[in-house]
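Here is a report on one protein chain, taken residue by residue and then as a whole. Keep the structure open while reading.

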Amino acid sequence: MEEKRNQDGLTEQEFLANYKVQDYERPSVTVDMLLFTIDDIVTTRRKKEKVLKVLLIKRKNHPFIEQWAIPGGFVDIDESIEHAAYRELKEETNIDHVYMEQLYTWGEVNRDPRMRVISTSYLALVPKEDLKPKAGDDAKEVSWFYIKKEKIEDKDNEESWILSLKKEGGEEEIRYLVTNKFEKNGVLLVTDTMVTPCNDNKEFLAFDHSQILNMALERLKNKIEYTPIAFNLVPKEFTLSQLQQVYETILGKKLFPANFRKKIKPMVEETQLKTIGQAHRPSRLYKYKTNYEREDLCM
């Protein structure tokens with residue numbers, strides 16, 4: 001077969017041999033990893049309450065030195081984006097062997113003060129007892145942060161939320177105002193989201209990580225409605241009450257037990273085990289049904 005030639009009369013092999021990569025500016029590529037877990041805290045009334053947490057690292061170097069950030073780093077020239085995500089997570093937090101999925105790609109021109117950087121973010125839900133984070137070479141410190149998002153205003157075409165993060169076992173707190181404006185684009189309703197630091201902030205997240213974190217929370221709320229992602233946050237055997245608490249924590253609302261159990265029934269199967277060592281009556285333990293066929297849960 002005769003080789004095809006371009007307008008300069010070159011074959012593909014000849015074209016590639018003369019191609020000068022240095023003639024074109026190229027952006028750098030990074031990855032960011034959002035690890036979420038569910039944990040218990042003791043309230044002022046000495047009751048246990050489920051809370052959502054996210055893992056952050058304190059940056060050791062410029063830019064944004066000593067500011068909290070989502071774990072991440074640059075993709076090497078000879079590795080895939082997914083491999084880079086796992087490698088950077090291990091290097092910065094000493095965590096590996098967790099399931100992650102892509103969240104979004106971030107490409108604003110001035111998102112990094114050093115150069116043009118495009119970043120792919122990854123999302124993971126993990127049981128806290130399975131993790132022992134430890135700051136690696138690129139991080140000064142690693143810590144879990146309690147994370148909460150509460151609505152403060154609701155109008156016809158706009159809503160406002162406070163996104164807050166509080167360091168586990170510490171006094172550091174970071175707060176952002178999230179404003180969603182809704183506009184019609186043809187027949188579709190589109191959302192314009194702004195994330196701005198609260199005036200009383202003493203700490204700030206590095207780069208555009210507040211926007212990444214806000215999107216990750218919204219994705220969690222959406223995915224929990226139609227995928228079994230919540231089962232990553234409970235033990236292999238669990239009670240239905242434990243599972244319901246996970247759903248309520250992520251969705252930010254109480255669910256009626258009878259309705260929840262009806263919706264969740266196709267996803268679980270009973271075991272022969274029951275809870276032990278509890279003050280109340282033993283509860284039946286369940287496990288995720290591995291052959292479950294997905295459907296819309298609509299909690």
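## Lys50 on strand E2

Lys50 sits in strand E2. This is a predicted model. The relative accessibility of Lys50 is 26%, so it counts as partly exposed. Buried would require a value under 20%.

Setting aside residues up to four places away in sequence, Lys50 touches Ile38, Asp39, Asp40, Gln245 and Thr249. With Asp40 there is also a polar contact between side chains, at 3.0 Å. Ala230 is 180 residues from Lys50 along the chain, and their C-alpha atoms are separated by 14 Å.

## Strand pairing around E7

Strand E2 covers residues 48-59. Its pairing with strand E7 (residues 139-154) is antiparallel and runs over 8 bridges. Where does Leu55 find its bridge partner in E7? The partner is Trp144.

E7 also pairs with strand E8 (residues 158-167). That pairing is antiparallel too, with 9 bridges. One bridge links Asp154 to Glu159 in E8. E7 and E8 make a hairpin, with 3 residues between them.

## Glu79 and the approach to H2

Glu79 belongs to the loop between E4 and H2. Is Glu79 buried or exposed? Its relative accessible area is 15%, so Glu79 is buried.

The side chain of Glu79 has polar partners. A polar atom of this side chain lies 2.9 Å from the backbone nitrogen of Asp76. The side chain of His83 makes a polar contact with that of Glu79 at 2.6 Å. Beyond neighbours within four places in sequence, Glu79 is in contact with Phe74, Ala84 and Arg87.

## Helix H2

Helix H2 spans residues 81-93, 13 residues in total. From first C-alpha to last, H2 reaches 18 Å. That is close to the 18 Å expected at 1.5 Å a residue. Just after H2, Asn94 has a positive phi of about 65 degrees.

The buried residues in H2 are Ala84, Ala85, Arg87, Glu88, Leu89, Glu92 and Thr93. Their cover includes E1, E2, strand E4 (72-74), strand E6 (117-125) and E7.

## Lys223 on helix H3

Lys223 is part of helix H3, residues 209-226. Its relative accessibility is 13%, so Lys223 counts as buried. The side chain of Lys223 makes a polar contact of 2.3 Å with the side chain of Glu101. With neighbours within four places in sequence left out, Lys223 is in contact with Glu101 and Ile229.

## Helix H4

Helix H4 holds 12 residues, 240-251. Why does its span agree with expectation? At 1.5 Å a residue H4 should span 16 Å, and its end C-alpha atoms are 16 Å apart, so the two values agree. Gly252, just after H4, takes a positive phi of about 75 degrees.

Which residues of H4 are buried? They are Leu240, Leu243, Gln244, Val246, Tyr247, Glu248, Ile250 and Leu251. These buried residues pack against several elements. Among the strands are E1 (28-42), E2, E11 (268-274) and E12 (284-288). The helices among them are H3 and H5 (257-264).

## Nonpolar cores

The largest nonpolar core has 47 residues. Within this core, Phe36 and Tyr247 touch the most other members. Another core, of 22 residues, lies apart from it. Its members include Leu55, Ala84, Ala85 and Val126.

Some of these names have already come up. Tyr247 is one of the buried residues of H4. Ala84 and Ala85 are among the buried residues of H2. Leu55 is the residue bridged to Trp144 in E7.

## The chain as a whole

The protein chain has 5 helices and 12 strands. Its C-alpha trace spans about 80 × 55 × 50 Å along the principal axes. Of its 299 residues, 42% count as buried.

The exposed area of the chain is about 18900 Å². Carbon and sulfur atoms supply 47% of that area. How much of the contact total comes from residues 24 or more positions apart? Among contacts with a separation of 6 or more, they account for 56%.

Notes
Residues are numbered from 1 along each chain as its sequence is written. This is a predicted model: local features need pLDDT of at least 70, side-chain atom pairs count only at pLDDT 80 or more; totals for chains, interfaces and linings use all residues. Side-chain values use heavy atoms; hydrogens and water are left out. A nonpolar core is a set of buried Ala, Val, Leu, Ile, Met, Phe, Trp, Tyr and Cys residues joined through side-chain atoms within 4.5 Å. Buried means under 20% relative accessible area, exposed over 50%, partly exposed in between (1.4 Å probe, protein chains only). Two strands pair if DSSP finds at least two bridges between them. Helices (H or I, at least four residues) and strands (E, at least two) are DSSP runs, numbered from the N terminus. A polar contact is a pair of N or O atoms within 3.5 Å; within protein, one must be able to donate a hydrogen and the other to accept it, and residues adjacent in sequence count only if both atoms are side-chain atoms. Contact means heavy atoms within 4.5 Å. The expected span of a helix is 1.5 Å times one less than its number of residues. Accessible areas come from the Shrake-Rupley method with a 1.4 Å probe; for residues, only the protein chains shown count as cover.
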